[in-house]
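Subject: Structure for you to look at

Hello,

As promised, here is the structure we talked about. Have a look at it first, and then read on for what turned up in it.

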Amino acid sequence: MPAFIFLIFLAVPLIEIAIFIEVGGAIGVWPTVAIVLLTALLGATLLRVQGLATWRRAEEAMRRGEPPVAEMLDGVFLIAAALLMVTPGLFTDCIGFLLLIPPIRRAIGRFAARRIAASSRFTVYRSGMGMGPGMGPGGFGPGGSGPAPSRRGPVIEGEAEEIGEDADAPRGSGPDPDSPWRQ
């Protein structure tokens with residue numbers, strides 16, 4: 001991985017220099033500088049508009065009781081797009097603009113999520129939630145409320161609270177009944 005990062009830090013400036021030489025030779029120095037400035041302004045405007053839309057979608061997801069995972073991932077990509085677009089260069093501007101296109105951003109996000117999920121190991125321990133068939137006291141696998149067995153990878157501890165549905169709440173205002181997180 002460090003070699004890959006080194007190659008990126010070496011390759012991107014070389015690509016930018018080559019593009020500046022070609023574009024500057026074709027249209028001149030000042031038009032090239034103007035293009036870089038205009039793409040930065042356009043990118044900042046698009047970022048602001050899409051960032052606000054993403055923020056609204058995240059708030060709406062939280063109001064519905066859903067985790068705003070997709071919106072958070074969109075936010076990460078929007079920050080990356082902003083950093084790429086503020087960096088002077090035509091190549092980084094192109095990559096930043098690609099990250100501002102929602103279908104491309106979502107496709108990259110799905111690819112990244114699959115890669116992360118495939119390379120990670122998750123173990124869930126629940127304590128105090130009762131026993132189910134074939135489960136230990138913690139609810140998932142053997143053990144449970146005692147100390148977690150020694151495994152490779154990080155252990156993330158947390159607490160969960162089961163929330164019942166109100167009989168007088170309007171339909172659709174509670175958590176999604178089809179959610180995989182419901183039992």
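Please keep in mind that this is a predicted model. A good place to begin is the inside: the largest nonpolar core is made up of 6 residues, namely Phe 77, Leu 78, Ala 81, Met 85, Leu 99 and Leu 100. Helix H3, which spans residues 69-86, supplies the largest share of this core, with 4 residues. If you click on one core member, try Met 85: leaving aside residues up to four places away in sequence, Met 85 touches Thr 39, Ala 40, Gly 43, Asp 93, Gly 96, Phe 97 and Leu 100.

Next, the charged pairs. Searching the whole structure gives 4 salt bridges. One of them joins Arg 57 to Asp 74, with the closest N and O atoms 2.6 Å apart. Arg 57 belongs to helix H2 (residues 29-63) and Asp 74 to helix H3, so this pair ties together parts that lie 17 residues apart in sequence. The two partners sit in unlike surroundings: Arg 57 is partly exposed, at 31% relative accessible area, whereas Asp 74 is buried, at 5%.

Asp 74 has another partner as well. Arg 105 also forms a salt bridge with Asp 74, and here the closest N and O atoms are 3.0 Å apart. This pair links distant parts of the chain, since Arg 105 is in helix H5 (residues 102-119) and Asp 74 is in helix H3, 31 residues away. Both Arg 105 and Asp 74 are buried. Taken together, Arg 57, Asp 74 and Arg 105 are linked in a network of salt bridges.

A more local example is the salt bridge between Arg 63 and Glu 60, whose closest N and O atoms are 2.7 Å apart. Both residues lie in helix H2, 3 residues apart, which is about one turn of the helix. Arg 63 counts as exposed because its relative accessibility, 57%, is over 50%, while Glu 60 is partly exposed at 34%.

Finally, the surface. Which residues make the nonpolar surface patch of about 630 Å²? The patch is formed by Phe 6, Leu 7, Leu 10, Leu 14, Ile 17 and Ile 21. Of these, Ile 21 lies in helix H1, which covers residues 2-27, and Ile 21 counts as exposed, with 57% relative accessibility.

Happy to go through any of this with you on screen.

Best wishes

Notes:
Residues numbered from 1 in each chain as written. Predicted model: local features only at pLDDT ≥ 70, side-chain atom pairs only at ≥ 80, totals over all residues. Heavy atoms only, no water. Core = buried A, V, L, I, M, F, W, Y, C linked by side-chain atoms within 4.5 Å. Buried < 20%, exposed > 50% of the residue type's maximum accessible area, 1.4 Å probe, protein only. Helix = DSSP H or I, 4+ residues; strand = E, 2+ residues; numbered from the N terminus. Contact = heavy atoms within 4.5 Å. Patch = residues over 30% accessible without salt bridge, like charges linked within 9 Å, V, L, I, M, F, W, Y side chains within 5 Å. Areas by Shrake-Rupley, 256 points an atom, 1.4 Å probe, with all protein chains shown as cover. Salt bridge = Lys/Arg side-chain N within 4 Å of Asp/Glu carboxyl O.
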